[in-house]
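This report concerns the domain interface and the ligand site of one protein model. The sequence and structure follow.

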Amino acid sequence: MRLYPLFADLNGLPVLVVGGGSVAERKVAALLEAGAVVRVGAPRLLPALADQAADGRIAHLDGAFEPSWLDDVWLVIAATDNRDLNAEVAACATGRRILCNVVDDPALSRFQVPAVVDRAPLTIGISTGGAAPMFARRVRETLESHLDPAIGPLVALAQRHRKAIVDAFPDLAARRRFYDGLYDGPVLDLLRHARHFEAEAALLEALDRDAPPVPGSVVLVGAGPGDPGLLTLAGLRELNRADVILHDQLVGPEVLAMTRRDAERIDVGKRGGGRHTPQSEINELLLQHARAGRYVVRLKGGDPLVFGRGGEEMLYLRRHGVACTVVPGVTAAVACAAYAGIPLTHREHAQSVRLLTAHCKDSLDTLDWAALAGERQTLAVYMGLAQLAHLTGQLLAHGRAADTPFALIENGTLPQQRVLRGELHALPALASAHRIAAPALLVIGPVATMADELRWFGEMVDAASRCADADLAFCPSFQRKLEPSASLAT
Ligand code: SAH
């Protein structure tokens, strides 16, 4: 048997809740929000309910249940932990043709209260008809995470201008197109960016035209460092919406799999040696696609504005009149440190953390080595593999202690993550002995030692002392790197 779904207007109507505990308290809160006139029947009330009774927000019917409590009410919720009492309330209610819900007891209930996703005025009710409410809860979680929070304000805005919309688009198909334009276009974007006045102005402007053209735009989305679980909810929403996605090589297949099926994907990967799309060409591609009216996602590893050239892309687009927004991502330093068990700051050992890139000789020459060699700080070095010897030499020459701990994290947050630990003076030799390859993030500073105790993910290349100068053929992690399938088989 199926339930009939129903959203009830209880505004101003008397409703009875039997029970004075925490379940009753939750039910009362939801009923009050819907404008019901709530009476609560119970010999004892929790303090919060007692306060509401004292304030006159609810009426308290004291003592044991009496059928007269049901006089005039439209709905009853029985929320006691006494099944006999709940059954009595349900029977009395049914006798009077009053709909009754017994909490967590579908057999005794004439109506059930769904799990709710609240984007007021948009409300989604989810029910399994009492079959397995736990699944309704999981579905609710899924919807909560996928549903744009700006959808509530959008519905409210449309409600406010409903008459004007109907007047402007008397034809149903045209009206549907108009609403689609609100949902897919700049009005929802503006609401998402908390620009409510501009959203309303955009809606009113769209009302003036017949078929509002949706201007293209670009959003820079941070994909995080690799683990697809580190993509943000906002990032996921953008991926589901994009017409075209320009992504870097660092963005893994699991993240790309989350994009809309029919979206066009363009790999503009820029890893040294491989295919390489010059930045000017990327800028031009972004501009062209946006100008063609498409919704463009520029998907970048980590955070788009940390060593990602996102700033240059934004400026270029803005200067060419194309709107560009940003969804931040978890940057490699933050993610790799976390997955290696390294706190980037520490009350005693590191009061600051610096993000720097050691991409090439030129970028290294502009760094303030004296400042970087200072103690009680953490350095997080991006793109540093090619310049390890130079970087180490400069830090040592400027006074950083030779035994300063480091951690080099390769493929951070991915299943093949490896963490190499050691002391600064040995860094270049160890990194090459263990064939650490890009992408790798280098953490220098006393906090790096904490990985030894706090690590929880992936492998530790623990063979620093055994492997540094030894025959690498005997180093297990080195072998695994060379022959991954063979080592899996053993
Ligand atoms: N915008 C990115 C950084 C791009 S620069 C961000 O915010 O993370 C590319 C460098 O980031 C790599 O050379 C490496 O140093 C670092 N990196 C990115 N992903 C990484 C990963 N999964 N593991 C280790 N380092 C990573």
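Which polar backbone atom lies 3.0 Å from a nitrogen atom of the ligand? The backbone atom belongs to Gly 301. The model is predicted, and local features need pLDDT of at least 70, side-chain atom pairs count only at pLDDT 80 or more, and totals for chains, interfaces and linings use all residues. Residues are numbered from 1 along each chain as its sequence is written, and side-chain values use heavy atoms, without hydrogens and water.

**Ligand site**

The polar pairs between ligand and backbone (N or O atoms within 3.5 Å) include the following.

| Ligand atom | Backbone partner | Distance |
|---|---|---|
| nitrogen | Gly 301 | 3.0 Å |
| oxygen | Met 383 | 2.9 Å |
| nitrogen | Leu 441 | 3.5 Å |

On its own the ligand has 550 Å² of accessible area (Shrake-Rupley method, 1.4 Å probe), and the protein covers 92% of this area. Around the ligand are 18 residues (a heavy atom within 4 Å), of which Asp 303, Val 306, Thr 331, Gly 412 and Ala 440 come nearest.

**Domain interface**

The domain assignment, which is automatic or from a database, gives domain 1 (14-113), domain 2 (151-207), domain 3 (217-330) and domain 4 (334-489). Nine residues from domain 3 and 12 residues from domain 4 take part in the contact (heavy atoms within 4.5 Å).

Domain 3 and domain 4 bury about 790 Å² between them (accessible area lost on being put together, 1.4 Å probe, summed over both), and carbon and sulfur atoms give 76% of this area. Pro 225, Asp 227 and Phe 307 supply 54% of what domain 3 buries against domain 4, more than any other three residues.

Methods:
Buried area = accessible area lost by both parts, 1.4 Å probe. Polar contact = N/O pair within 3.5 Å; in protein donor to acceptor, adjacent residues only side chain to side chain.
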